[in-house]
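Open the model in your viewer and keep the selection tool at hand. The stops below go from the ligand site to a pair of packed helices.

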Amino acid sequence: MIPTPASDSGVWSAPGRANLIGEHTDYNEGFVLPFAIEYRTRAKASRRDDGIIRVTSTFDPTPVEAALDDLPSLFDHPDHGIPEWAAYPLGVAWAALRATGIDARELPGLDLAFSSDVPIGAGLSSSAAIEGATASALNDLWALGLSPLELAKIGRTAENDAVGAPTGIMDQVASMLGRADAATFLDCRTLATESIDLGFDAAGLRLLVIDTGVKHSHATGGYGERRASCELGAASMGVPALRDLTLDDLPRAQALLDDVTFRRVRHIVTENYRVLDTVRALRESGPHAIGDLLVASHASMRDDFEISTPELDTAVDAALAAGAVGARMTGGGFGGAAIALVADDLVGAVTDAATSAFAERGYAAPHIFTVTPSRGAGRDA
Ligand code: ADP
Ligand code: MG
């Protein structure tokens with residue numbers, strides 16, 4: 001059947017995201033609690049009649065195009081030669097065709113022009129934003145009728161198989177399903193989601209991002225090593241994934257595993273509890289009650305998972321000393337950003353404290369800004 005497009009042109013957008021808590025739990029089939037932020041990637045889309053998909057971006061104005069019909073054969077090869085940035089949106093188109101089984105020859109072509117205010121490579125998932133904007137545009141223009149979760153899966157397929165970045169689905173889910181003033185609680189095993197009210201505004205709180213600007217060269221290797229340790233831990237404990245372990249299993253894990261593997265396992269097991277505790281605390285007591293969980297999450301990443309850096313520890317310590325309710329490094333680690341939950345009237349003090357602490361240690365000045373939990377992907381015009 002030839003799908004009837006809802007319209008011929010329009011503007012769609014999708015946000016970046018920050019992760020409130022739940023770090024490295026995604027590939028252990030555990031829990032995460034990210035939220036969409038106000039920074040977005042926009043896709044201005046219009047139909048063309050020649051079966052070509054053509055993408056441009058303010059990020060790299062050289063247009064890249066491909067025949068829709070050629071996408072399968074293109075992306076079947078890992079060295080497809082498509083410029084990396086264009087593999088995100090073209091990969092989404094390819095993954096959407098694959099997921100729906102629609103024959104590309106039945107579809108009109110498409111121009112997609114991207115612009116974005118999501119900082120790239122700052123750990124706020126500009127990649128999920130461009131995927132989400134593309135997926136939302138295609139869903140409407142090609143009348144695919146897919147749910148936000150299905151669109152998130154298409155984004156992940158594009159990122160994993162077209163771009164070649166082995167990531168989980170947290171970013172795409174956060175970007176697709178975000179809601180203002182709420183986080184998305186995601187069970188990475190079942191992909192069940194639930195929107196959890198954050199209530200930062202009502203509680204007089206702001207979420208600060210303290211971007212250290214540092215990305216260590218061993219980040220990729222470190223990520224792979226952590227994944228391998230988690231797999232070893234799960235296999236040694238006889239469970240499919242670390243998600244299946246409880247706090248009661250930790251003494252046995254300590255007796256069985258070498259010290260390093262044990263501490264990696266302990267981070268994942270306790271972090272899953274912290275996500276569940278954060279969800280409960282938000283529901284029962286509001287956001288002031290989650291500070292200690294954020295701090296405990298940071299300590300676990302610093303001491304057990306060993307993915308923090310001196311810059312991230314400095315950011316967290318300075319924020320807490322200046323009165324933040326809670327703070328932790330966020331993202332994959334080995335650099336990147338910390339978040340701090342801060343009372344409105346302390347935003348200036350925490351910013352100054354982190355900036356001076358960095359200067360005292362001779363680190364480059366951090367980039368500090370607030371993020372606001374915001375709506376997910378959708379049509380804007
Ligand atoms: P992050 O998601 O943390 O920002 P990633 O490395 O996962 O970092 O994704 C960044 C990449 O995504 C960029 O290098 C670029 O290839 C692509 N990208 C993101 N936003 C855009 C955009 N607006 N235009 C073109 N490419 C983009
Ligand atoms: Mg990314």
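Select serine 127 together with ligand 1: a polar side-chain atom of serine 127 lies 2.9 Å from an oxygen atom of the ligand. The model is predicted, so read this distance as computed from predicted coordinates. Add serine 126, where a polar side-chain atom lies 2.6 Å from an oxygen atom of ligand 1. Then add serine 57; here the partner of the polar side-chain atom is a nitrogen atom of ligand 1, at 2.7 Å.

Now show the surface of ligand 1. Taken alone, ligand 1 exposes 570 Å², and the protein buries 82% of that.

Which elements give two or more residues to the shell around ligand 1? Colour α2 (84-100) and α3 (126-141) to see them. The shell can also be coloured by class: six residues are nonpolar, seven polar and one charged. Of the 14 residues around ligand 1, label those that come nearest: Ser57, Gly121, Ser125, Ser126 and Ser127.

Next, hide the ligand and select helix α6 (residues 219-237) with helix α8 (residues 259-284). These two helices pack with their axes 9 Å apart, at an angle of about 90°. That angle makes α6 roughly perpendicular to α8.

To view the contact, show Arg226, Ser229, Cys230, Leu232 and Gly233 on α6, and Thr261, Arg264, Val265 and Ile268 on α8. Coloured by class, the contact of α6 with α8 has four nonpolar, three polar and two charged residues.

Methods. Residues are numbered from 1 along each chain as its sequence is written. Chains are lettered from A and ligands numbered from 1 in the order in which they are written. This is a predicted model: local features need pLDDT of at least 70, side-chain atom pairs count only at pLDDT 80 or more; totals for chains, interfaces and linings use all residues. Side-chain values use heavy atoms; hydrogens and water are left out. A residue is near a molecule or strand if one of its heavy atoms lies within 4 Å of it. A polar contact is a pair of N or O atoms within 3.5 Å; within protein, one must be able to donate a hydrogen and the other to accept it, and residues adjacent in sequence count only if both atoms are side-chain atoms. Accessible areas come from the Shrake-Rupley method with a 1.4 Å probe; for residues, only the protein chains shown count as cover. Helices (H or I, at least four residues) and strands (E, at least two) are DSSP runs, numbered from the N terminus. Ala, Val, Leu, Ile, Met, Phe, Trp, Tyr, Cys and Pro count as nonpolar, Asp, Glu, Lys and Arg as charged, and the others, Gly among them, as polar. Axes are lines fitted to C-alpha atoms, for helices over the stretch in contact, and angles run from 0 to 180 degrees between N-to-C directions. Angles under 35 degrees count as roughly parallel, over 145 as roughly antiparallel, 65 to 115 as roughly perpendicular and the rest as oblique. Contact means heavy atoms within 4.5 Å.
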